[in-house]
Amino acid sequence: MTFIHLQEICFHKKLRKENLSFFLFFSSSLCHNLNILSDSHGLKEPLNYIRNTYPNADCIIHCGDICLPKEYAKGFIIVAGNCDNPAWYPNGEIIQLEGHRILILHGHILFSSSSPNLDAVARCAKRNDCDIAFFGHSHIYCDTMIQGIHVCNPGSISMSRDGSNPSFMKVHLTQDSFQAERIDYTPYR
């Protein structure tokens, strides 16, 4: 899979019109398998686990709070979280894949960690003509449809806030379908 990197502006007031990166993916495949994770908070093992356990994933997305420099996540699409160095990663990404526009944010600019605002995530996606939004920050898994937008959070791969196991998300994407699956991260069981 190859991609072209462009620049685009998000016009959401709370993002203060900051630049979002924009990727156009080109692939001969008619479906894509994505691995989505978030909130690893400096742990290197989960990044290696995802990379080594799922080598055939077309794309690995980290929704922020990686808390590590870029060299630890080569090949990942990463956005900045509230615990990340903002000079290392953009506040958001938009990727276009299989006819879908996908917004990737951490979420800390839109809501507090204790009360995720799914409507705000959906509105931000809609303002950017996206039909899918991946976000982190809350450490709670979510896969729902709001205002015609798939709004998804892989949970935290380091520590959930709802008492469940740490998790990540596998997504199977075609032009006509979107299937998300929660995967518990339990590498030592």
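Which residues of helix H2 (residues 118–127) are buried? In this predicted model, they are Ala-120, Val-121, Ala-122, Cys-124 and Ala-125.

## Helix H2 and its surroundings

The buried residues of H2 pack against four strands: S7, S8 (132–134), S9 (141–146) and S10 (149–154). An α-helix has 3.6 residues a turn, so residues three or four places apart point the same way. With that in mind, have a look at Val-121 and Cys-124, both on the buried list for H2.

Both ends of the helix have something to show. At the start of H2, Asn-117 uses a side-chain oxygen to reach within 3.2 Å of the backbone nitrogen of Asp-119. After H2 comes Asp-129, with a positive phi near 55°.

## The overall layout

Stepping back, the chain has 2 helices and 12 strands. In sequence order they read β-β-β-α-β-β-β-β-α-β-β-β-β-β. Of the 189 residues in the chain, 49% are buried.

Among contacts with a separation of 6 or more, 55% come from residues 24 or more positions apart. On the outside, the chain exposes about 8,800 Å², and carbon and sulfur atoms supply 50% of that area.

## Two nonpolar cores

In soluble globular proteins, nonpolar side chains tend to be buried together. Here the largest nonpolar core has 19 residues, and the ones with the most contacts inside it are Leu-34, Ile-61, Ile-102, Ile-104 and Phe-134. At least two residues of this core come from each of S3 (31–37), S4 (59–62), S6 (92–97), S7, S8 and S11 (167–174). S11 gives the most, with 3 residues. Apart from this core lies another, of 16 residues, which includes Ile-94, Phe-111, Val-121 and Ala-122. Val-121 and Ala-122 should ring a bell: they are among the buried residues of H2.

Ile-104 is a good place to zoom in on the 19-residue core. Leaving out residues up to four places away in sequence, Ile-104 touches Ile-61, Cys-63, Ile-77, Val-79, Asn-91, Gly-92, Glu-93, Ile-95 and Phe-134. Two of the names on that list, Ile-61 and Phe-134, are also given among the residues with the most contacts inside the core.

## His-100, a buried histidine

His-100 sits in strand S7 (residues 100–105). Is His-100 buried or exposed? Its relative accessibility is 9%, under the 20% cut-off, so His-100 counts as buried.

What does the side chain of His-100 reach? One partner is the side chain of Asp-131, in a polar contact at 2.6 Å. The other is the backbone oxygen of Gln-175, at 3.5 Å. Asp-131 is 31 residues away along the chain, yet the two C-alpha atoms are separated by 6.3 Å. Beyond its neighbours within four places in sequence, His-100 is in contact with Ile-95, Asp-131, Ile-132, Leu-173, Thr-174, Gln-175 and Ser-177.

## The S9–S10 hairpin

S9 and S10 run antiparallel and are joined by 6 bridges. One of the pairings puts Asp-143 opposite Cys-152, its bridge partner in S10. The two strands form a hairpin with 2 residues between them, and Gln-147 in the turn has a positive phi of about 55°.

## Positive phi in the loops

Most residues other than glycine have a negative phi. Two loop residues go the other way. His-41, with phi near 45°, lies in the loop between S3 and helix H1 (45–53). Asp-65, with phi of about 60°, lies in the loop between S4 and S5 (76–78).

Their surroundings are worth setting side by side. His-41 is partly exposed, with a relative accessible area of 31%, whereas Asp-65 is buried, at 2%.

## Aromatic pairs

How many aromatic pairs does a search of the whole structure find? The count is 6. One of them joins Trp-88 and Tyr-89 edge-to-face, at 6.4 Å centre to centre and with 85° between the planes. Trp-88 is partly exposed, with a relative accessible area of 32%, while Tyr-89 counts as buried at 5%.

Elsewhere in the chain, Tyr-49, Tyr-54, Phe-168 and Tyr-185 form one aromatic cluster.

How values were computed: Residues are numbered from 1 along each chain as its sequence is written. This is a predicted model: local features need pLDDT of at least 70, side-chain atom pairs count only at pLDDT 80 or more; totals for chains, interfaces and linings use all residues. Side-chain values use heavy atoms; hydrogens and water are left out. Buried means under 20% relative accessible area, exposed over 50%, partly exposed in between (1.4 Å probe, protein chains only). Contact means heavy atoms within 4.5 Å. A polar contact is a pair of N or O atoms within 3.5 Å; within protein, one must be able to donate a hydrogen and the other to accept it, and residues adjacent in sequence count only if both atoms are side-chain atoms. Rings of Phe, Tyr and Trp (its six-membered ring) pair if their centres lie within 6.5 Å; planes under 30 degrees apart count as stacked, over 60 as edge-to-face and the rest as tilted. Two strands pair if DSSP finds at least two bridges between them. Accessible areas come from the Shrake-Rupley method with a 1.4 Å probe; for residues, only the protein chains shown count as cover. A nonpolar core is a set of buried Ala, Val, Leu, Ile, Met, Phe, Trp, Tyr and Cys residues joined through side-chain atoms within 4.5 Å.
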